[in-house]
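Trainee: Before I use these labels, I would like to hear the reasoning behind them.
Mentor: Then let us take them one at a time.

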Amino acid sequence: MAELFGKKYTNRTRFTRMCIGEAVFSLMDKKPYEEIRVSDIVKRAGVSRMTFYHYYEQKEDALADYFHEIVNGYVRERSEIIKKGGKFHDPGSIEHALKYFDQYAAFILKLVDAHLYHIILEAMNSFMMERIQPVYKIPPYELYFYGGALMNVFVMWEKNGKRETPESIAKTLASGAVFTADTFPASCDGNR
């Protein structure tokens, strides 16, 4: 599968890869993910089987690559914000992330519904470790926690009909509210 931050691709190869990813995505509207075959994908994308297998070993790789491109777009936008003095996990950054990924909510929710949430987490982990960690020197577990939590909040916000504003969610998440040992009882019967 294509590496998000490793190789440089020409516009033509990127276009071909995105056509394949979009083909899988559009086929998911018509049938369950498990029933989609590579032959369906190549027909829809207008590419040969050989082209498909040049880039991917399986259809899941095409979806992962497509989502990595979405994250790469986020990386480009975040880079510009950080250059202007924005911080990695301030309320503005959280708000921006919610608004950015909202553009791709249909795709993300299809991944979740197809039990492919791991694609989302793997892309977020790559982003955190390859783009955020070198700049901010934040410990890896903290980055995994933050990236997973942010995407989990995003998915629930979408599934709940986006009743809250991105601003209110960002304010809540950035408030630093954490659970302490006193928050929960030590056992189910309430005894410590």
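The exchange below goes through some labels used for this predicted model.

Trainee: What makes the pair Asp-29 and Lys-110 a salt bridge?
Mentor: Their side chains come to 2.2 Å, N to O, and the cut-off is 4 Å, so the pair qualifies. Asp-29 sits in the loop between α1 and α2 and Lys-110 in helix α6, so the contact ties together parts 81 residues apart in sequence.

Trainee: Why is Lys-110 called buried?
Mentor: Its relative accessible area is 16%, and buried means under 20%. Asp-29, at 56%, is exposed, because the limit for that word is over 50%.

Trainee: Why is Lys-162 called partly exposed?
Mentor: Lys-162 has 36% relative accessibility, which falls between the 20% and 50% limits, so neither of the other words applies. Its salt-bridge partner is Asp-102, with the closest N and O atoms 3.0 Å apart. Asp-102, at 24%, is also partly exposed.

Trainee: How do you know that Asp-61 has no salt bridge?
Mentor: The nearest side chain of opposite charge, Arg-17, is 11 Å away, and a salt bridge needs a distance within 4 Å, so Asp-61 has none. Asp-61 is nevertheless buried. Its side chain reaches the backbone nitrogen of Glu-57 at 3.2 Å, and a polar contact requires N or O atoms within 3.5 Å.

Trainee: Which residues have the most contacts inside the largest nonpolar core?
Mentor: Ile-20, Leu-63, Phe-67, Phe-101 and Phe-154, in a core of 56 residues. Helix α4 gives the most to this core, with nine residues.

Key:
Residues numbered from 1 in each chain as written. Predicted model: local features only at pLDDT ≥ 70, side-chain atom pairs only at ≥ 80, totals over all residues. Heavy atoms only, no water. Buried < 20%, exposed > 50% of the residue type's maximum accessible area, 1.4 Å probe, protein only. Lys, Arg positive; Asp, Glu negative; His and termini not counted. Polar contact = N/O pair within 3.5 Å; in protein donor to acceptor, adjacent residues only side chain to side chain. Core = buried A, V, L, I, M, F, W, Y, C linked by side-chain atoms within 4.5 Å. Helix = DSSP H or I, 4+ residues; strand = E, 2+ residues; numbered from the N terminus.
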